[in-house]
Amino acid sequence: MDTETSTGTSKVTSLEAAIAQNVHDGDVVSIEGFTHAIPVAAGHEIIRQRISGLTLVRMTADIVADQLVAAGCISKLVSSFIGNSSAGSLGELRRRIERADPDPLEFVEYTHHSMVCRYLAGAQRLPFYPLRSITGSDLPSINPDYRQVTSPFADADGRYEKIYVVPPINPDVTIIHAQRADRLGNIQMWGLTGIQAEAAFAADRVIVTVEEIVDESIVRKDPNRTILPSHAVDAVVPVPMGSHPSFAQGYYDRDNAFYREWAQISADHTRLIDWLAEWVLETGTHENYLKKLGQERLDTLSVGPAESTPINYGRRMPR
């Protein structure tokens, strides 16, 4: 629950409360993070709360998408990539899309760049966004939302070009993971970033899970790492290792063994359902999930220091 601080209202809450208050049956939910800082713990909480009928928008549909679909949370997937991050296949997604087994899954395919353009349009509240990259491809034949418009501006030869456009994405809620935030909801991130900021600005509601909550003074001393200001964020949730089996730069490494294991787990629907019951539903919380993984395994993901060079922002001295 929000509480007053000396400089504003705290947006720090629990994972359970953040999901319950902001993710509802039938919502369009964006979950972003490109290989790095994927909000897996938030996905698990959606499963625990048995939220259903969701449209999942995710550029790189990976393990968390596989799990959400298998758990019955997702009825439609909008994505530009499906895969287990170079470690194998996503069994549930393939079964649903290729064979409607055990149930069909509506799948809408875009290119990576098309999805970026859709988020940009959504963040800027534009009706569409132009792009050239799919010209000559067969994607418009399988996705009718690739449409052509005529440019209102003539080229050097006086011709009015036809160009493809894509519609905006405006999720009901966007969920991302980052390294740190202050209690007001100023979000800081570094390392491999993706479309997180645009996905957040495009949404009605925004949940951010973070490795740690830091003092406001730390954020103010290093403002260029702030990818989202507090006014764009509805809930901040401290979830250490909330990205596992993904990684958080400077906090822990990618659990490559888990990705390899997942290819085997998801190959069989029954085994996958049993895994969700044991590792997500029965654990009850992310903290218990980490305990079940065990400290020995978590220790293998530890990282050493690689400090960034301090930056002198400078300021006018008082006279």
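**Entry 1: the cavity**

I began with the empty space inside this predicted model, and I found that the largest cavity holds about 30 Å³. When I asked how many cavities of 30 Å³ or more the structure holds, the count came to 1. I then looked up the residues around the largest cavity, and its lining is made up of Ile38, Val40, Asp62, Ile63, Val64, Pro245 and Tyr259.

**Entry 2: the nonpolar cores**

Next I turned to the largest nonpolar core, which has 51 residues, and I wanted to know which of them touch the most other members. I noted Ile19, Val23, Ile46, Leu68, Ile175, Ile207 and Trp275. Helix H3, which covers residues 63–70, gives the largest share of this core, with 6 residues. Apart from this core I found another one, of 17 residues, and I wrote down Val108, Tyr119, Val166 and Ile195 as being among them.

I then followed Val23 by itself, leaving out residues up to four places away in sequence, and I saw that Val23 touches Ala18, Val29, Ile46, Ile51, Leu54, Val173, Ile175 and Ile207.

**Entry 3: Ile31**

I looked up Ile31, which lies in strand E1, residues 28–31, and I asked whether Ile31 is buried or exposed. Its relative accessible area is 1%, and because buried means under 20%, I recorded Ile31 as buried. Setting aside the neighbours within four places in sequence, I listed Pro39, Leu56, Val57, Arg58, Leu68 and Ile175 as the residues in contact with Ile31. I also checked Ile31 against Glu45, and these two are 14 residues apart in sequence and 13 Å apart in space, taken from C-alpha to C-alpha.

**Entry 4: a sheet of 3 strands**

My last search was for the order of the strands in an open sheet of 3 strands, and I read it as E7-E9-E8, with antiparallel pairing. Strand E7 (129–131) and strand E8 (147–154) are the edge strands, since each of them pairs on one side only. Direction ignored, neighbouring strands of this sheet are turned by 55 degrees against each other on average.

I looked more carefully at E8 and strand E9, residues 160–166, and I found that they pair in the antiparallel sense over 5 bridges. To have one pair of residues to find in the structure, I asked which residue in E9 is the bridge partner of Gln148, and I noted Tyr164. Finally I saw that helix H5, residues 112–123, packs on the sheet and touches E7 and E9, and that the direction of H5 makes about 155 degrees with that of E7.

How values were computed. Residues are numbered from 1 along each chain as its sequence is written. This is a predicted model: local features need pLDDT of at least 70, side-chain atom pairs count only at pLDDT 80 or more; totals for chains, interfaces and linings use all residues. Side-chain values use heavy atoms; hydrogens and water are left out. A nonpolar core is a set of buried Ala, Val, Leu, Ile, Met, Phe, Trp, Tyr and Cys residues joined through side-chain atoms within 4.5 Å. Buried means under 20% relative accessible area, exposed over 50%, partly exposed in between (1.4 Å probe, protein chains only). Helices (H or I, at least four residues) and strands (E, at least two) are DSSP runs, numbered from the N terminus. Contact means heavy atoms within 4.5 Å. Two strands pair if DSSP finds at least two bridges between them. Axes are lines fitted to C-alpha atoms, for helices over the stretch in contact, and angles run from 0 to 180 degrees between N-to-C directions. On a 1 Å grid over the protein atoms alone, a cavity is a set of points where a 1.4 Å probe fits but cannot get out, and a pocket is an open set with protein on both sides within 12 Å along at least five of seven lines; lining residues have an atom within 4 Å of a point. Grid points are joined across faces, edges and corners, and a volume is the space filled by probe spheres set on the points.
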